[in-house]
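Q: I would like a close look at one part of this protein, with its surroundings described as far as the model allows. Please take me through it step by step.

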Amino acid sequence: MTGLTDVPALLLSRIRDVADYPEPGVMFKDITPLLADPEAFSALSDVLAGIARSTGATKIVGLEARGFILGAPVAVRAGLGFIPVRKAGKLPGATLSQAYDLEYGSAEIEVHAEDLTADDRVLVIDDVLATGGTAEASVQLIRRAGAEVAGLAVLMELTFLGGRQRLETALGAAPLEALIAV
């Protein structure tokens, strides 16, 4: 296994830049090579599980869809429950929803209301922090469900999009951990 100090370099080396995707002028950060590499994916899961333990999290929330891929193994490694936050209309039964604004339009996310309680401390996990809209909505949704937000952890933060600044108020004292900042 790679030494802990080498993990960010290992992770970054497995993220592929794809120019002009999904539209001209955008440099897409593709994490599929990282997921395909068992050493890198395992190292990522270990570091995120350590963050979950250090925040005192009792549950992991993964944001659709890559947050599911990253969050589920973290929950297993840390011995915690996993809660998916989905796009509106994807969960059966009673849900809580939270609308939020996008650059062009709006979106809505949902969670099963009974999956979170006042006793829960929730670590939100996603692959990328960009503008912070989805992450901010998830924090609001978790609090509306009655749970406490233990923090937010992402593989990569796109610093030039200002998501961290947007989330400072929403997170309050809860930490925001980005393993890689670009």
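A: A good place to begin is the right-handed β-α-β unit made by strand 3, helix 4 (residues 66-78) and strand 4 (residues 81-87). Right-handed here means that, with the strands pointing away from the viewer, the path from the first strand over the helix to the second runs clockwise. Helices (H or I, at least four residues) and strands (E, at least two) are DSSP runs, numbered from the N terminus. The model is a predicted one, in which local features need pLDDT of at least 70 and side-chain atom pairs count only at pLDDT 80 or more, while totals for chains, interfaces and linings use all residues. Residues are numbered from 1 along each chain as its sequence is written, and side-chain values use heavy atoms, with hydrogens and water left out.

Strand 3 covers residues 59-63, and five of its five residues are buried, where buried means under 20% relative accessible area, exposed means over 50%, and partly exposed lies in between (1.4 Å probe, protein chains only). The cover extends to both faces of the strand, with K59, V61 and L63 buried on one side and I60 and G62 buried on the other.

On one flank, strand 3 pairs with strand 4 in the parallel sense over five bridges, and V61 has I83 of strand 4 as its bridge partner. Strand 3 also pairs in the parallel sense with strand 7, here over four bridges, and the bridge partner of K59 in strand 7 is V122. Two strands are counted as paired if DSSP finds at least two bridges between them. Strands of a sheet pair through backbone hydrogen bonds, either parallel or antiparallel.

These pairings belong to an open sheet of seven strands in the order 5-6-4-3-7-8-9, in which the pairing is mixed. Strand 5 (95-102) and strand 9 are the edge strands, each of them pairing on one side only. Neighbouring strands of this sheet are turned by 20° against each other on average, direction ignored; the axes behind this angle are lines fitted to C-alpha atoms, for helices over the stretch in contact, and angles run from 0 to 180 degrees between N-to-C directions. Further along the order, strand 7 and strand 8 run parallel and are joined by eight bridges, with E157 of strand 8 as the bridge partner of L129.

Between strand 3 and helix 4 lies a loop that holds A65, and the peptide bond joining E64 and A65 is cis, with omega about -5°. E64 is also one of the residues touched by K90, the other being E110, when residues up to four places away in sequence are not counted; contact means heavy atoms within 4.5 Å. K90 itself sits in the loop between strand 4 and strand 5 and is partly exposed, with a relative accessible area of 47%.

Another part of the surroundings of the sheet is helix 6 (residues 163-171), whose buried residues are G163, L167, A170 and L171. Because these residues cover an arc of only 85° around the axis, they lie on the same side of helix 6, the arc being that of the directions from the helix axis to the C-beta atoms. An α-helix has 3.6 residues a turn, so residues three or four places apart point the same way. The buried residues of helix 6 pack against strand 7 (121-129), helix 5 (133-144), strand 8 (148-157) and strand 9 (176-181). After helix 6 comes G172, whose phi is positive, near 60°.

A second cis peptide bond runs from Y21 to P22, with omega near 5°, and P22 is found in the loop between strand 1 (16-19) and strand 2 (27-30). The loop between strand 1 and strand 2 also holds D20, which has a positive phi of about 60° although it is not a glycine.

For the wider setting, the protein chain has six helices and nine strands. Its radius of gyration is 16 Å, close to the 16 Å that the globule rule gives for 182 residues, so the chain is as compact as a globular protein of that length; the radius is taken over C-alpha atoms, and the rule is 2.2 Å times the number of residues to the power 0.38. Buried residues make up 43% of the 182 residues in the protein chain.
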